[in-house]
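Thanks for sending this one over. Here are my notes, numbered so that you can reply point by point.

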Amino acid sequence: MAGIVPPTLESMRALVLSAYGKPSTYRVGTVPTPKIKEPHEVLIRVYAASVNRIDIDFANGMVKMASKATFPYIPGFDAAGKIVAVGSAVKDLKVGDAVFTRVPDRYRGTFAEYCISTSSATALKPTSVPFSDAAAIPLAGLTALQSIRRAQSEIAGGLTGKTVLVPGGLSSAGSFAVQLLRNEFGADKVVTTLSPGKIAIAKDLWAEGKGAMVYLDYTKKDVDPAIREEGVDFMLDTTANAMASLRLIRSRGVIVTVSKLPAGDVMKSRLHDSPWILVVRAHRYGVKYSYLWMKPDRKGLEELASWVDGGKVKPVVGRKSRLEDLEVLIDGCEEVFKGNGGLGKFVIEII
């Protein structure tokens, strides 16, 4: 193996939990620095990590009956930073590379100064954005991309020229989906539901783009008639509203949901497919329904990086915190946990 961690780096700062708990129980502590144990692994000096709902849910014990965690527990699956060591089988990444990653489930622990990932889940970060923006991309960006690719394969003729519904278009995955659908996958129209304040922000962010945007204010009236009028071919369900939206989708349309059920290898092994009851119910409306299990994927990250550098996609970072600013960090994690109005991604800056 190459790039062994020097003895002076045997310990690191990290966000830690001594037991499963909500963000109010989070603390910053000192733990051993992880070390490369397998040939395909890379050790990353974390410059920034982004917070996803899955991080908070898992830290709160969502999968404790299916997977036994060790303590102290370090949350986090997204990171951007520089490689400081590589395993013997890693050929396409090297020490010093600026990278971003959605670490595989078993490597969870990116809210720290160092993390381990694999070469198959790590890519060179976009050169046009800082580490804090790059850290906001992996899980949300891959979730959006893989959902869109599924719909692309399941809708006759693909997504070109189609109308798509993305509720919560300024959410973490929603913001990437809106941009990808318009600027890369040829959607004719993207419909999103937002509050008035967020509509103003979205119109400014997405003033340019290939596909048309339809903004609906869900706070003023029932938006279902307006959505039905648009004739939706594909819905990316980011708000756990798939079943209530079945009447809004055209026959032979597709719904891919990424909400409610937890992502990850553990739950996927327990729940092999999308819940059959929901699949059958959707079928009665002529709609194909499925749940997406996001998979860490280097190729997908490389595509996202190229679209970011090409100006087709811009990460939306709503707020940031330093690792040591515990009060601000906890508040940001609470906002992600409660899902109460946050904009884009919450990023923890380590360096």
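1. Let me begin with overall dimensions, keeping in mind that this is a predicted model. For a compact globule of 351 residues, one would expect a radius of gyration near 20 Å, and the protein has 20 Å, so the two agree. The C-alpha trace spans about 65 × 40 × 40 Å along the principal axes.

2. On secondary structure, the protein has 10 helices and 15 strands. Taking contacts between residues at least 6 apart in sequence, 74% join residues at least 24 apart.

3. Now the surface. The protein has an accessible surface of about 15200 Å², and carbon and sulfur atoms account for 52% of that area. Of its 351 residues, 56% count as buried.

4. If you plan to look at electrostatics, here is the charge count: 46 positive and 36 negative charges, with mean positions 4 Å apart.

5. One residue I would point you to is Asp 133, which sits in helix α2, spanning residues 131–135. Which side chain of opposite charge is nearest to Asp 133? It is Lys 320, 4.9 Å away. A salt bridge requires a side-chain nitrogen within 4 Å of a carboxyl oxygen, and Asp 133 has no salt bridge although it is buried. Beyond its neighbours within four places in sequence, Asp 133 is in contact with Pro 315 and Val 317.

6. Lys 345 is another charged residue to inspect, this time in strand β15, which covers residues 345–349. Is Lys 345 buried or exposed? Its relative accessibility is 2%, so Lys 345 counts as buried; the cut-off for buried is under 20%. Leaving out residues up to four places away in sequence, Lys 345 touches a list of residues that includes Ser 50, Val 51, Asn 52 and Asp 78. Also among them are Ala 136, Ala 140 and Ser 172, along with Val 316, Val 317, Gly 318 and Arg 319. Val 317 is thus worth displaying with both charged residues: Asp 133 is in contact with Val 317, and Lys 345 touches Val 317 too.

7. Finally, a look at a loop. Ala 244 lies between β11 (232–237) and β12 (249–257). With a relative accessible area of 54%, Ala 244 is exposed, given that exposed means over 50%. Where does Asp 224 lie relative to Ala 244? The two are 20 residues apart in sequence, and their C-alpha atoms are 9.8 Å apart in space.

Key. Residues numbered from 1 in each chain as written. Predicted model: local features only at pLDDT ≥ 70, side-chain atom pairs only at ≥ 80, totals over all residues. Heavy atoms only, no water. Helix = DSSP H or I, 4+ residues; strand = E, 2+ residues; numbered from the N terminus. Rg over C-alpha atoms; globule rule 2.2 N^0.38 Å. Buried < 20%, exposed > 50% of the residue type's maximum accessible area, 1.4 Å probe, protein only. Contact = heavy atoms within 4.5 Å. Areas by Shrake-Rupley, 256 points an atom, 1.4 Å probe, with all protein chains shown as cover. Lys, Arg positive; Asp, Glu negative; His and termini not counted. Charge placed at Lys NZ, Arg CZ, Asp CG, Glu CD.
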